[in-house]
Amino acid sequence: MKFQPGQSGNPAAASGLPLAIKPTPSGLKIVDGSGQAVAWFYTDEDPRRRASGGLLEPEDAERFAKICARALTATLKSDD
């Protein structure tokens with residue numbers, strides 16, 4: 001199924017590519033071409049806060065954000 005800009009169902013397709021990974025005070029987010037956040041990855045340096053809050057290590061968050069951005073980009077390009 002091909003998604004058109006503004007069509008619901010594929011959040012990244014609303015504004016499209018390119019996607020970017022941006023740091024935030026609480027972790028990382030993936031944003032689309034218009035700056036709309038499409039995914040969040042919450043992190044913390046402190047192991048106790050990570051464990052109690054279900055947060056990621058910063059290195060893992062970066063790795064997962066890259067994987068997610070690549071997958072979303074591939075999906076959006078295949079919808080063309």
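Let me begin with a term: a nonpolar core is a set of buried Ala, Val, Leu, Ile, Met, Phe, Trp, Tyr and Cys residues joined through side-chain atoms within 4.5 Å. With that in hand, I can tell you that the largest nonpolar core here has nine residues, namely Leu19, Leu28, Ile30, Val38, Ala39, Phe41, Ala61, Ala65 and Ala69. Three elements each supply at least two residues of this core, and they are strand 2, which covers 27–31, strand 3, which covers 37–42, and helix 2, which covers 58–78.

Before going further, I should say that what you are looking at is a predicted model. The mean pLDDT of the protein is 85, and 80% of its residues reach 70 or more. Over residues 1–6, however, the pLDDT is below 50, although this stretch has 15 contacts in the model beyond near neighbours in sequence. As for the helices and strands, confidence is highest in strand 2, at 97, and lowest in helix 2, where the mean is 93.

Now to the overall layout. The protein contains two helices and three strands, and if you read along the sequence you meet them in the pattern β-β-β-α-α. Of its 80 residues, 29% count as buried, and the protein exposes about 5200 Å², of which carbon and sulfur atoms supply 54%. If we take the contacts between residues at least 6 apart in sequence, 30% of them join residues at least 24 apart.

Let me turn to the strands. Strand 1, residues 20–24, pairs with strand 2 in the antiparallel sense over five bridges, and the hairpin that joins strand 1 to strand 2 passes through two residues. Within this pairing, Ile21 stands opposite Ile30 of strand 2, and Ile30 is also one of the core residues I listed at the start. Lys22, for its part, has Lys29 in strand 2 as its bridge partner.

On the other side of the sequence, strand 2 and strand 3 also pair in the antiparallel sense, over five bridges. Here the hairpin has five residues between the two strands, and in the turn Gly35 has a positive phi of about 90°. Val31 stands opposite Ala37 in strand 3. Strand 2 therefore takes part in both pairings, and strand 2 is mostly covered, since four of its five residues are buried.A residue at the end of strand 1 is worth a moment, and that is Thr24. Is Thr24 buried or exposed? Its relative accessibility is 17%, and because buried means under 20%, Thr24 counts as buried. Leaving aside neighbours within four places in sequence, Thr24 is in contact with Lys29 and Trp40. Thr24 and Trp40 are 16 residues apart in sequence, while their C-alpha atoms are 9.3 Å apart in space.

I would like to finish with the loop between strand 3 and helix 1, the latter covering 47–53, where we find Asp44. Asp46 is found in this loop as well. Asp44 is buried, with a relative accessible area of 15%, and Asp46 is also buried, with a relative accessible area of 18%.

What does the side chain of Asp44 have a polar atom close to, at 2.8 Å? The answer is the backbone nitrogen of Asp46. Not counting residues up to four places away in sequence, Asp44 touches Arg49, Arg50, Leu55, Leu56 and Pro58.

Asp46, in turn, has a side chain that reaches the backbone nitrogen of Arg48 at 2.7 Å. A polar atom of the Asp46 side chain also lies 3.0 Å from the backbone nitrogen of Arg49, and Arg49 is among the residues that Asp44 touches. Finally, Asp46 and Glu57 are 11 residues apart in sequence and, from C-alpha to C-alpha, 8.6 Å apart in space.

Definitions and conventions:
Residues are numbered from 1 along each chain as its sequence is written. Side-chain values use heavy atoms; hydrogens and water are left out. Buried means under 20% relative accessible area, exposed over 50%, partly exposed in between (1.4 Å probe, protein chains only). A polar contact is a pair of N or O atoms within 3.5 Å; within protein, one must be able to donate a hydrogen and the other to accept it, and residues adjacent in sequence count only if both atoms are side-chain atoms. Contact means heavy atoms within 4.5 Å. Accessible areas come from the Shrake-Rupley method with a 1.4 Å probe; for residues, only the protein chains shown count as cover. Two strands pair if DSSP finds at least two bridges between them. pLDDT is the predictor's confidence in each residue, from 0 to 100.
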